[in-house]
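Subject: Structure handover

Hello,

Here is the structure you asked for. Please open it and keep it in view while you read my notes below.

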Amino acid sequence: MHSKAYRVFNRSTKTIEESIHVKFDEVDPKVKMMQNLEKLRIDDEDDGTLGQTSNSQEVEACKESDTSAPKNSRLLIGHSSQQIIGDPNKGVITRSTLHRDEGHIAFVSQTEPTKIDDALGDEFWVMAMQEELSHFVRNKVWTLVPRPKDHTTIGTKWVFRNKKNEKGEIVRNKARLVAQGYNQEEGIDYEEAFAPVARLEAIRMLLAYACYNGFLLYQMDVKSAFLNGFINEEVYVEQPPGFEDHEHPGHVYHLQKALYGLRQAPRAWYDRT
């Protein structure tokens, strides 16, 4: 889980070791053993006792390779069992495994719509869009207000993507509401924009410092990250296509937090974190 190296069993030391310098012997072990025995038989014609001794050693080595592996083979050399969280022999639960166990694949749409009308005709994509809008309500992203006369209103659109696992199976329908930020003008709708990128050196320094001090690090995935960033500019966006307010169809949303597609959204999320 924490290394790109291979985990191999050392017959000499009877331990599990990690190494990135590994050569794979793709020859069948049985064929290889027969080849070695044949070689030993030829050598036995010159020295009978040497051949018998080597022959028995080769057979014993083959048996030990199948039966001498340690019970807890997932433990890495140099790591005590007290430093490992959970059962090391238990398989890793991934997001795709969790979806397969729950039978989630049967409850997703296999098509990826290109138009909002196609998505509104599919109940699974409607659920995905409702889930996206629920994040807006929970994070208090916007407020429905009358359309202002002295401010430009930015349009919105839906982006639909099918999320797949490592086997290529569709496990989730993701609907993202984004703002058409290309209509924004610098100095009027936003002051500065940049995309925060973590440098690899900073990540290595953090991991080294945590390892030296024995800190426990967790990786966190924030859903709808940009919806948590506050914006200072006064921004108005159109109502989501297909989810307009029937009582106030001419109203627009006044944003209190950033929305995907806005030029200042990455900066707002960076300031919040």
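**The cavity and its lining**

Helix α5 and strand β6 (170-179) each supply at least two residues of the lining of the largest cavity. Please keep in mind that this is a predicted model.

How many cavities of 30 Å³ or more does a search of the whole structure find? The search finds 1. The space in the largest cavity comes to about 30 Å³. Its lining is made of Ala128, Glu131, Glu132, Arg172, Asn173, Lys174 and Ala175. Sort these lining residues by type and you get 2 nonpolar, 1 polar and 4 charged. Which element gives the most to the lining? That is β6, with 4 residues.

**Strand β6 and its partner**

Now follow β6 itself. Of its 10 residues, 9 are buried, so β6 is largely enclosed by the rest of the structure. It pairs with β5 in the antiparallel sense, over 9 bridges. One bridge is easy to find: Lys163 has Arg172 as its partner in β6. Arg172 is also one of the residues that line the largest cavity. The two strands, β5 and β6, form a hairpin with 5 residues between them. In the turn, Gly168 has a positive phi of about 85 degrees.

A word of background on pairing. Strands of a sheet pair through backbone hydrogen bonds, and the sense can be parallel or antiparallel.

**Aromatic pairs**

There are 6 aromatic pairs in the structure. Start with Trp125 and Phe160. Their ring centres are 5.4 Å apart and their planes stand at 75 degrees, so this pair is edge-to-face. Angles over 60 degrees count that way. The pair links distant parts of the chain. Trp125 is in helix α5 (residues 123-139), while Phe160 is in strand β5 (residues 156-164), and 35 residues separate them. Are these two residues buried or exposed? Trp125 is buried, at 0% relative accessible area. Phe160 is buried too, at 5%.

Next, look at Trp142 and Tyr253. This aromatic pair is stacked, with 3.9 Å from centre to centre and 15 degrees between the planes. Trp142 lies in strand β3 (residues 142-145) and Tyr253 in strand β8 (residues 252-255), so the pair ties together parts that are 111 residues apart in sequence. Trp142 counts as buried, at 15% relative accessibility. Tyr253 is buried as well, with a relative accessible area of 13%. Which residue joins these two in one aromatic cluster? Phe136 does.

One more ring deserves a look. Arg176 lies over the face of Tyr260, at 4.0 Å from the ring centre.

**The open sheet**

The strands that carry Trp142 and Tyr253 belong to an open sheet of 4 strands. Its order is β3-β8-β7-β4, and the pairing is mixed. Where are the edges? They are β3 and β4 (153-154), and each pairs on one side only. β3 and β8 pair in the antiparallel sense over 4 bridges. To check this by eye, find Val145, whose bridge partner in β8 is Val252.

**A hairpin at the start of the numbering**

Strand β1 (residues 6-10) and strand β2 (residues 15-19) also pair in the antiparallel sense, over 5 bridges. Phe9 has Ile16 as its bridge partner in β2. This hairpin has 4 residues between its strands.

**Two unusual backbone angles**

Most residues other than glycine have a negative phi. Two lysines here go the other way.

- Lys14 has a positive phi of about 60 degrees. Lys14 sits in the loop between β1 and β2. Lys14 is partly exposed, with a relative accessible area of 37%.
- Lys140 has a phi near 55 degrees, again positive. Lys140 is in the loop between α5 and β3. Lys140 counts as exposed, at 66% relative accessibility.

**Where to start**

Begin with β6, which is largely enclosed by the rest of the structure. Then find the stacked pair, Trp142 and Tyr253. Finish with the loops that hold Lys14 and Lys140.

Best wishes

Definitions and conventions: Residues are numbered from 1 along each chain as its sequence is written. This is a predicted model: local features need pLDDT of at least 70, side-chain atom pairs count only at pLDDT 80 or more; totals for chains, interfaces and linings use all residues. Side-chain values use heavy atoms; hydrogens and water are left out. Rings of Phe, Tyr and Trp (its six-membered ring) pair if their centres lie within 6.5 Å; planes under 30 degrees apart count as stacked, over 60 as edge-to-face and the rest as tilted. Buried means under 20% relative accessible area, exposed over 50%, partly exposed in between (1.4 Å probe, protein chains only). A charge sits over a ring if NZ of Lys or CZ of Arg is within 6 Å of the ring centre and within 35 degrees of the ring normal. On a 1 Å grid over the protein atoms alone, a cavity is a set of points where a 1.4 Å probe fits but cannot get out, and a pocket is an open set with protein on both sides within 12 Å along at least five of seven lines; lining residues have an atom within 4 Å of a point. Grid points are joined across faces, edges and corners, and a volume is the space filled by probe spheres set on the points. Ala, Val, Leu, Ile, Met, Phe, Trp, Tyr, Cys and Pro count as nonpolar, Asp, Glu, Lys and Arg as charged, and the others, Gly among them, as polar. Two strands pair if DSSP finds at least two bridges between them.
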